[in-house]
Number of protein chains: 2
Amino acid sequence: MTALDVPSGRPARVATPAPGDPRLARLSLNQRTTANWSLREAVDGAVAAGLPAIGLWREPVAETGLETARKIVDDAGLRVSSLCRGGFFTASDPAERAAAHEDNLRALDEAATLGTTALVLVPGGLPPGDKDLAGARTRAAEAIAALVPAAVERGVTLGIEPMNPIYAADRGVVSTLAQALDIAEHFAPHEVGVVVDTFHVWWEPGVHEQIARAGERIVSYQVCDWITPLPADSLLARGMMGDGHVDFPAFTRAVAAAGYTGDVEVEIFHADVWAAPGAEVVATMARRYVELVESYL
Amino acid sequence: MTALDVPSGRPARVATPAPGDPRLARLSLNQRTTANWSLREAVDGAVAAGLPAIGLWREPVAETGLETARKIVDDAGLRVSSLCRGGFFTASDPAERAAAHEDNLRALDEAATLGTTALVLVPGGLPPGDKDLAGARTRAAEAIAALVPAAVERGVTLGIEPMNPIYAADRGVVSTLAQALDIAEHFAPHEVGVVVDTFHVWWEPGVHEQIARAGERIVSYQVCDWITPLPADSLLARGMMGDGHVDFPAFTRAVAAAGYTGDVEVEIFHADVWAAPGAEVVATMARRYVELVESYL
C-alpha cells in the first residue's frame, strides 16, 4: 500500500525513512507543524518516527510546565533545536518595551533550562497607528542589543528571524536576511545570529550570497514551502516542502556551504496539515525532507 | 451632510476638492481603481471630479477599441499617465517568450497611440513547476533589453514595476526597487525606468535611498495602502490611502526629492472599493490624496 502525502493526498514519491535511518540524523519537528499535538504527543511522535530533535514553542512549554517539559524531552533523548519565540519588542510605549525585555529574559531562561542554544526572535510589527517602519526597525535592533548580555550569560544565541514582507506590518519588521545580518554583525556570532527560514527569504534578491555572508551565524535552518494561491488566512500559508515554489536543493546547498551543521526544523503553518493525523504529517515531512533537503546538506 | 469615505464608511476628514482645485493638478485615476466602470465612464468620472489624468489598462482599451479609446481620452482633455501593462515574459519556453515579446511590441504601439510615455512592465512569475527564481529574473532582464529599441522608436519609456514578494511566485519576480534599478541602469533613463508603487515597496529596507537613486528614472508614482489583515484574496489587498500602514508623507517627500514631477496614480484593487459607486470612490481618493500625498509633493 502506497503512503499518501499530507496535505496533497498524492502518493509518496519515496519510502518513509525508518527510525535509525542515518538520513534522519538532523531532522527536527518544530512542534507548530503538529499544532494539535500536546508537547508530550509531539515528543512521542518525533521519537516514534526516529527523529532526534524537536523545536519547541513557549506557549505549549508553559502549558506543560517548564520543568516537566524539560524532563519529557530529556527522557526521550531528544535535542531541542530551538525555542520559538522571543521578540515582539517594537512597541512605541517605553513601558511596553520594558515589559517585552522582561519577557525575553524569561524566554532566555526557558531556552537555557530546555538545553537549547537558539532562541528564535520574531521582532514584532508596527504599533497600532504607527507608520514609522524605520523607527520600529531601530527599536528592534536596540532591544536585541539590550538582550545580548543576558543571552551570553545563559549560553543562548539570539536568532533574528527575518520575516516575509507579507508580515512586515503586523509581525516582523525585519524583512530580509541582509537586514537581519546588518543587525547581527554588531555582535559576536555566538551572541547574535540569524534564522534562515525558506518561507520568509526564498524570494530575497541575492539570498544565496547573504547565506554565505551569514556563515556561522546561522542558528537555525527552518524549511517549509511558499504555496500559491495563498490561503485565505495568510498566517497559514506555509506549505509542505515540494508543494510550492521554493528551490530546496539550491537553498540547502547554500546553507551547507555556509558551514551550517545543526538541525533542520520543519515548521509548517497550514490548516490542512494541522487537521491531519500527526503521525502522517511527520511521515510526509520525513519523506520530503530526505528527498528535497537531506540529500543536499 | 458629511461625506463618507470608501470603503471604511468613516466620515471624511477633509472636504472633497472641487474641480479646478490646483491640488488636483497631478492626480490620476488608474482605471483599475474603478474596475466596474467602462473606459468611457472612467474618463467621464475623472473629468467630473476635476482630475487631469487617467492611467489606462490594455484590456479595457482593447474592449473599447484603441482608436476610440484615444479619441475618448483626447476629447476629454485628459493626460494618459501610464499604460498598464506589458511584461509577463518569464516563460521558460522560447516560443512563449517570443510571443510575449510580440505582445509587448503591441503594448508599446498602444502606449504611443494613447499618447503616454510610460508602459508599466509587470515581469511575470515562475513558470509552472519551475523553481529557478534567479533564472526567471534573468529572463525578465533579457526581455526588457530586447524591448528597448522598439520603446525608443515609439518614444515610450519602459517602467519596471517591482512587486511585493507576496507575488514573487505567480506575478512579478522583480521584488525590490533596488533590483529593478539594477536592471534599469543598464540603459538610459529615457529607455528604462521604474514604477514606484507604495503597496509593492513600502517595506523595502532602504527604500528611500533607492528612490533617491532612481531619480529621473521614476516613470510613475502609484499610491495605495498596505492593509491588515490581508484580505482572503491576496490580489485584492490594496487599500485606500490612510486605511493601512504606509507612511505616505515620508514616501511622497522622497519621491518629490528625487525630482519626480509627473502624475500620481491611485491604483487600488479591493473588493469593497470595486463594489462602491465609482463617483464616491473617486471623491474619497481625491480627499485622501490631498491630505496624505499632495501636501508632500
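Between them, chain B and chain A bury about 2,200 Å² in this predicted model, and 65% of that area is on carbon and sulfur atoms. The side of chain B that touches chain A is made up of 14 nonpolar, nine polar and five charged residues. If you would like to trace the interface on the structure, look for 28 residues of chain B in contact with 28 residues of chain A. The polar side of the picture comes next. Four residue pairs are in polar contact between chain B and chain A, counting pairs with both residues at pLDDT 80 or more. As for salt bridges, the rule finds zero across the interface of chain B and chain A.

Let us turn to the aromatic rings. A pair of such rings is described by the distance of the centres and the angle of the planes. Over all chains, the structure holds 11 aromatic pairs. One of them joins A:Trp202 and A:Trp226, whose ring centres are 6.2 Å apart and whose planes meet at 35°, so this pair is tilted. Where do A:Trp202 and A:Trp226 lie in chain A? A:Trp202 is in the loop between helix H7 (198-201) and helix H8 (207-214), while A:Trp226 belongs to strand S8 (residues 225-226), so the pair ties together parts that are 24 residues apart in sequence. A:Trp202 has a relative accessibility of 5% and counts as buried. A:Trp226 is buried too, with a relative accessible area of 0%. Both tryptophans belong to one aromatic cluster, formed by A:Tyr167, A:Phe199, A:Trp202 and A:Trp226.

The backbone also has some spots worth a visit. Most residues other than glycine have a negative phi, and most peptide bonds are trans. With that in mind, go to A:Pro7, in the segment before strand S1 (27-30) of chain A. The peptide bond that leads from A:Val6 to A:Pro7 is cis, with omega near 0°. Another cis peptide bond runs from A:Cys84 to A:Arg85, with omega near -5°, and A:Arg85 sits in strand S3 (residues 79-87) of chain A.

From S3, follow chain A into the loop that leads to helix H4 (94-114), where you will find A:Phe88. Phi of A:Phe88 is near 50°, a positive value in a residue other than glycine. Is A:Phe88 buried, partly exposed or exposed? Its relative accessible area is 37%, so A:Phe88 is partly exposed. In chain B, B:Phe88 lies in the loop between strand S3 (79-87) and helix H4 (94-114). B:Phe88 has a positive phi of about 50° although it is not a glycine, and at 36% relative accessibility B:Phe88 counts as partly exposed.

Notes. Residues are numbered from 1 along each chain as its sequence is written. Chains are lettered from A and ligands numbered from 1 in the order in which they are written. This is a predicted model: local features need pLDDT of at least 70, side-chain atom pairs count only at pLDDT 80 or more; totals for chains, interfaces and linings use all residues. Side-chain values use heavy atoms; hydrogens and water are left out. Contact means heavy atoms within 4.5 Å. Buried area is the accessible area (1.4 Å probe) that two parts lose on being put together, summed over both. A salt bridge is a side-chain nitrogen of Lys or Arg within 4 Å of a carboxyl oxygen of Asp or Glu. A polar contact is a pair of N or O atoms within 3.5 Å; within protein, one must be able to donate a hydrogen and the other to accept it, and residues adjacent in sequence count only if both atoms are side-chain atoms. Ala, Val, Leu, Ile, Met, Phe, Trp, Tyr, Cys and Pro count as nonpolar, Asp, Glu, Lys and Arg as charged, and the others, Gly among them, as polar. Rings of Phe, Tyr and Trp (its six-membered ring) pair if their centres lie within 6.5 Å; planes under 30 degrees apart count as stacked, over 60 as edge-to-face and the rest as tilted. Helices (H or I, at least four residues) and strands (E, at least two) are DSSP runs, numbered from the N terminus. Buried means under 20% relative accessible area, exposed over 50%, partly exposed in between (1.4 Å probe, protein chains only).
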